[in-house]
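This report examines one protein chain, beginning with selected residues and moving on to helix packing and the overall fold. The sequence and structure are shown below.

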Amino acid sequence: MAIQLEVIKSIPYFSGLSPNELDSIRELVFEKTVEQGEIILLEGELTETLFFIASGAVKVFKTSTDGKEQILSIVRPGESFNDVPIFDNSPNPTSAQAMTPVVLYGLKKNQLKDAVQKHPQIALNIIKVLAERVRQLMSLVEDLSFKHVIGRVAKILLEHAGDGATPGLRLTQQEMAAMAGTVREVVARSLKTLEEEGVIDLNRHRIIINDKKALEATAAYS
C-alpha cells in the first residue's frame with residue numbers, strides 16, 4: 001500500500017511542514033503490518049527504526065523479573081513509541097506489543113537525522129513530543145503513587161472509552177490491572193463498585209459509562 005500523506009500530516013513530528021516537505025518525508029517512510037498480539041520491540045534490544053502508528057493500537061510496557069507487566073502507555077494513530085533508543089543509541093527501555101492489527105510507518109534513524117538537518121521544524125516538534133512524553137510519565141507516577149485503584153480504573157475508562165465518533169479500545173481486566181499497577185481481582189472489585197453506584201454497566205465484554213461526570217469525579221479525587 002502507498003504511504004498515506006494524511007497520516008504523515010497527522011504525526012506531531014511533522015507538524016508545520018509544507019506540502020513539499022511532507023512529500024519528501026513520505027518518500028523516506030516504509031510500511032509494516034503487525035498482527036494482533038505480535039511483539040514489535042523487546043526491552044533490552046537495539047533498534048534502528050522509529051515507528052509511528054498509522055492504524056491500530058500498541059501497548060508499551062515493562063516486565064519485572066517475576067513476569068509482572070506494567071503498561072506505561074497505549075499508543076494510537078499518529079503517535080510514536082520508541083523515540084528514546086533512536087536518540088540516545090541505547091537499547092529499548094520498554095517492550096511494545098500490538099493490541100489490535102496494526103499498520104506501522106517506519107523511519108530509519110539515519111534518515112530521521114538527515115530529515116532534521118534539512119527541516120529544522122522537525123527538531124522543534126521532537127522537543128515538544130518528548131516534553132509531552134515526560135508529562136505523561138509524571139502523571140503515571142502521580143497516579144500510581146497517590147490515587148486509589150478505583151481512581152486509576154476510572155481514569156483508564158475515561159481515556160479509552162471513545163467519544164462517539166472514535167470507537168474505544170476494548171481492554172481486558174488483566175490489561176487494566178497492568179495499567180493501574182495492581183492485580184486483576186482488584187480491578188474486578190473496582191468495576192463492581194462503580195457498577196453498584198450506577199456509574200457504569202458491565203455488559204459481558206463491554207463497559208458502558210452511564211455517568212461520565214461521576215466517573216470523572218472518581219478519577220480526580222479517589
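## Asn89 and the loop between H3 and S6

Asn89 lies in the loop that runs between helix H3 (83-88) and strand S6 (95-98). The model is predicted, and in it Asn89 has a phi near 60 degrees, a positive value in a residue that is not glycine. Most residues other than glycine have a negative phi. Asn89 counts as exposed because its relative accessible area is 56%, and the cut-off for that class is over 50%.

Thr94 is found in the loop between H3 and S6 as well. Is Thr94 buried or exposed? With a relative accessibility of 14%, Thr94 counts as buried, since the class requires a value under 20%. When residues up to four places away in sequence are not counted, Thr94 touches Leu42, Glu43, Val60, Phe61, Lys62 and Leu72. For one of these partners, Phe61, the C-alpha to C-alpha distance from Thr94 is 5.6 Å, although the two residues are 33 apart in sequence.

## Lys109 and its partners

Lys109 belongs to helix H4, which covers residues 109-118. The relative accessible area of Lys109 is 18%, so this residue is buried. The side chains of Lys109 and Asn89 are joined by a polar contact of 2.8 Å. This pair thus links a buried lysine with an exposed asparagine.

Which residues does Lys109 contact once its neighbours within four places in sequence are left aside? They are Thr47, Glu48, Ile86 and Asn89.

## Packing of H6 against H8

Helix H6 (residues 149-160) packs with helix H8 (residues 184-196) at an angle of about 75 degrees, and their axes are 9 Å apart. That angle makes H6 roughly perpendicular to H8, because values from 65 to 115 degrees fall in this class. On the H6 side, the contact is made by Val149, Ile150, Val153 and Leu157. H8 contributes Val186, Val187, Ser190, Leu191, Thr193 and Leu194. Sorted by class, the contact of H6 with H8 has 8 nonpolar and 2 polar residues, with no charged ones.

## Packing of H7 against H8

H8 also packs with helix H7 (residues 173-180), here at an angle of about 100 degrees and with the axes 8 Å apart. H7 is therefore roughly perpendicular to H8. Gln173, Gln174, Met176 and Ala177 of H7 meet Arg184, Val187, Ala188 and Leu191 of H8. By class, the contact of H7 with H8 has 5 nonpolar, 2 polar and 1 charged residues.

Val187 and Leu191 of H8 appear in the contact with H6 and also in the contact with H7.

## The chain as a whole

The secondary structure of the protein chain comprises 9 helices and 9 strands. Its radius of gyration is 19 Å, close to the 17 Å given by the globule rule for 222 residues, so the chain is as compact as a globular protein of that length. Taken along the principal axes, the C-alpha atoms fill a box of roughly 55 × 40 × 30 Å.

Of the 222 residues, 40% count as buried; Thr94 and Lys109 are examples of buried residues. Among contacts between residues at least 6 apart in sequence, 68% join residues at least 24 apart.

Key:
Residues are numbered from 1 along each chain as its sequence is written. This is a predicted model: local features need pLDDT of at least 70, side-chain atom pairs count only at pLDDT 80 or more; totals for chains, interfaces and linings use all residues. Side-chain values use heavy atoms; hydrogens and water are left out. Axes are lines fitted to C-alpha atoms, for helices over the stretch in contact, and angles run from 0 to 180 degrees between N-to-C directions. Helices (H or I, at least four residues) and strands (E, at least two) are DSSP runs, numbered from the N terminus. Angles under 35 degrees count as roughly parallel, over 145 as roughly antiparallel, 65 to 115 as roughly perpendicular and the rest as oblique. Contact means heavy atoms within 4.5 Å. Ala, Val, Leu, Ile, Met, Phe, Trp, Tyr, Cys and Pro count as nonpolar, Asp, Glu, Lys and Arg as charged, and the others, Gly among them, as polar. Buried means under 20% relative accessible area, exposed over 50%, partly exposed in between (1.4 Å probe, protein chains only). A polar contact is a pair of N or O atoms within 3.5 Å; within protein, one must be able to donate a hydrogen and the other to accept it, and residues adjacent in sequence count only if both atoms are side-chain atoms. The radius of gyration is taken over C-alpha atoms; the globule rule is 2.2 Å times the number of residues to the power 0.38.
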